[in-house]
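Work through the exercises below with the model open beside you. Try each task before you read its solution.

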Amino acid sequence: MTTQTTEKPRKEKLLEAARELMLDKGYVATTVDEICEQAGVTKGSFFYYFKNKEEMGKNLVQHFAQANGQKLMEGTCCESDDPLDKIFALIDCVSKMSQKSENKGCLVGIFTQELSESHPEIRNICDEIFKQTIQSFSADLEDAKKIHAPSANFDVQSLSEQLLVLIQGSLLLTKASQDRGVMERTLFHFKEYLKKLYGK
């Protein structure tokens, strides 16, 4: 009789351990030894999957962004076909996610702040993730503009950048103040601002 195991692959264990450690301590302060110890794997396993710590960091930030994007898709439930309602649902989902105790911030933002000068390849990946996020926001905001405010004089690109800045800034303020209500309060005002812009 064989027993099936559901043990996670070593690479996934390493990425999960690195994510937890780096959300707490940052990239530079986290060592390969600590990652291996928390993951319960050998250092040889680490270097089997990653050439060095920087390669792991590049894998990690992409993995983090994909996982967060999936969580948002699953958490954003909107029955309406109106693209503005979809943006409102996204904002509500981000607010709810930020209040959960397991939410310790955003690795993309942390890596950008910590590594933008010293690790240009990681910075470029973070930049691309942010650009894709802004593009996604812009698509819905542009569609909503065509429906609700076709003659209004505002730029959806900069509006999308503002939304991303509010989210990232709220995460920083939450870390500093340990107040999980920051995101909800900030995005409430942005949502009200959108209603006025779109006349809804």
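Before the exercises, one definition: a helix axis is a line fitted to the C-alpha atoms over the stretch in contact, and an angle between two axes runs from 0 to 180 degrees between N-to-C directions. The model is predicted.

**Exercise 1. The overall fold**

Task: State how many helices and strands the protein chain has, and describe its extent and burial.

Solution.
- Step 1. Count the elements. The chain has 9 helices and 0 strands. From the N terminus on, the order reads α-α-α-α-α-α-α-α-α.
- Step 2. Box the chain. Along the principal axes, the C-alpha atoms fill roughly 60 × 50 × 30 Å.
- Step 3. Check burial. Of the 200 residues, 38% are buried.
- Step 4. Look at contact range. Take the contacts with a separation of 6 or more: 65% of them join residues 24 or more positions apart.

**Exercise 2. Two partners of α4**

Task: Classify how α4 packs with α7, and how α1 packs with α4.

Solution.
- Step 1. Take α4 (residues 53–75) and α7 (residues 120–148). Their angle is about 10°, and their axes lie 10 Å apart.
- Step 2. Apply the cut-off. Angles under 35 degrees count as roughly parallel. The helices α4 and α7 are therefore roughly parallel to each other.
- Step 3. Find the residues that meet. From α4 come Glu-54, Gly-57, Lys-58, Val-61, Gln-62 and Ala-65. From α7 come Glu-121, Ile-122, Ile-125, Cys-126 and Ile-129.
- Step 4. Sort them by class. The contact of α4 with α7 has 6 nonpolar, 2 polar and 3 charged residues.
- Step 5. Turn to α1 and α4. Here the angle is about 85°, with the axes 10 Å apart. The range 65 to 115 degrees counts as roughly perpendicular. So α1 is roughly perpendicular to α4.
- Step 6. List this contact. α1 supplies Lys-11, Leu-15, Ala-18, Arg-19 and Met-22. α4 supplies Lys-53, Met-56, Asn-59, Leu-60, His-63 and Phe-64.
- Step 7. Sort again. The contact of α1 with α4 holds 6 nonpolar, 2 polar and 3 charged residues.

**Exercise 3. The largest pocket**

Task: Give the volume of the largest pocket and say which element gives the most to its lining.

Solution.
- Step 1. Start with volume. The largest pocket holds about 1300 Å³ of space.
- Step 2. Go to its lining. It counts 43 residues, and Ala-65, Asn-68, Gly-69, Leu-72 and Met-97 lie nearest the centre.
- Step 3. Assign elements. Two or more lining residues come from each of α1 (10–25), α4, α5 (83–98), α7 and α8 (156–177).
- Step 4. Pick the main contributor. α4 gives the most, with 11 residues.
- Step 5. Read the chemistry. The lining divides into 20 nonpolar, 13 polar and 10 charged residues.

**Exercise 4. The second largest pocket and Gln-178**

Task: Describe the second largest pocket, then say whether Gln-178 is buried or exposed.

Solution.
- Step 1. Give the volume. About 200 Å³ of space lies in the second largest pocket.
- Step 2. Name the lining. It consists of Ser-98, Asn-103, Lys-104, Gly-105, Ser-170, Leu-171, Thr-174, Lys-175, Gln-178, Asp-179, Arg-180 and Met-183.
- Step 3. Find the largest share. α8 provides it, with 4 residues.
- Step 4. Sort by class. This lining has 2 nonpolar, 6 polar and 4 charged residues.
- Step 5. Place Gln-178. It sits in the loop between α8 and α9 (182–198).
- Step 6. Check its backbone. Phi of Gln-178 is near 60°, a positive value in a residue other than glycine. Most residues other than glycine have a negative phi.
- Step 7. Decide on exposure. Exposed means over 50% relative accessible area. Gln-178 has 66%, so it is exposed.

**Exercise 5. Two helix residues**

Task: Classify Ser-138 and Leu-166 as buried, partly exposed or exposed, and list their contacts beyond four places in sequence.

Solution.
- Step 1. Locate Ser-138. It belongs to helix α7.
- Step 2. Apply the cut-off. Buried means under 20% relative accessible area. Ser-138 has 10% relative accessibility, so it counts as buried.
- Step 3. List its partners. Beyond four places in sequence, Ser-138 is in contact with Val-156, Gln-157 and Ser-160.
- Step 4. Locate Leu-166. It belongs to helix α8.
- Step 5. Classify Leu-166. Its relative accessibility is 22%, so Leu-166 counts as partly exposed.
- Step 6. List its partners. Beyond four places in sequence, Leu-166 is in contact with Thr-186, Leu-187 and Phe-190.
- Step 7. Add one distance. Leu-166 and Thr-186 are 20 residues apart along the chain, and their C-alpha atoms are separated by 7.1 Å.

Notes: Residues are numbered from 1 along each chain as its sequence is written. This is a predicted model: local features need pLDDT of at least 70, side-chain atom pairs count only at pLDDT 80 or more; totals for chains, interfaces and linings use all residues. Side-chain values use heavy atoms; hydrogens and water are left out. Angles under 35 degrees count as roughly parallel, over 145 as roughly antiparallel, 65 to 115 as roughly perpendicular and the rest as oblique. Contact means heavy atoms within 4.5 Å. Ala, Val, Leu, Ile, Met, Phe, Trp, Tyr, Cys and Pro count as nonpolar, Asp, Glu, Lys and Arg as charged, and the others, Gly among them, as polar. On a 1 Å grid over the protein atoms alone, a cavity is a set of points where a 1.4 Å probe fits but cannot get out, and a pocket is an open set with protein on both sides within 12 Å along at least five of seven lines; lining residues have an atom within 4 Å of a point. Grid points are joined across faces, edges and corners, and a volume is the space filled by probe spheres set on the points. Buried means under 20% relative accessible area, exposed over 50%, partly exposed in between (1.4 Å probe, protein chains only).
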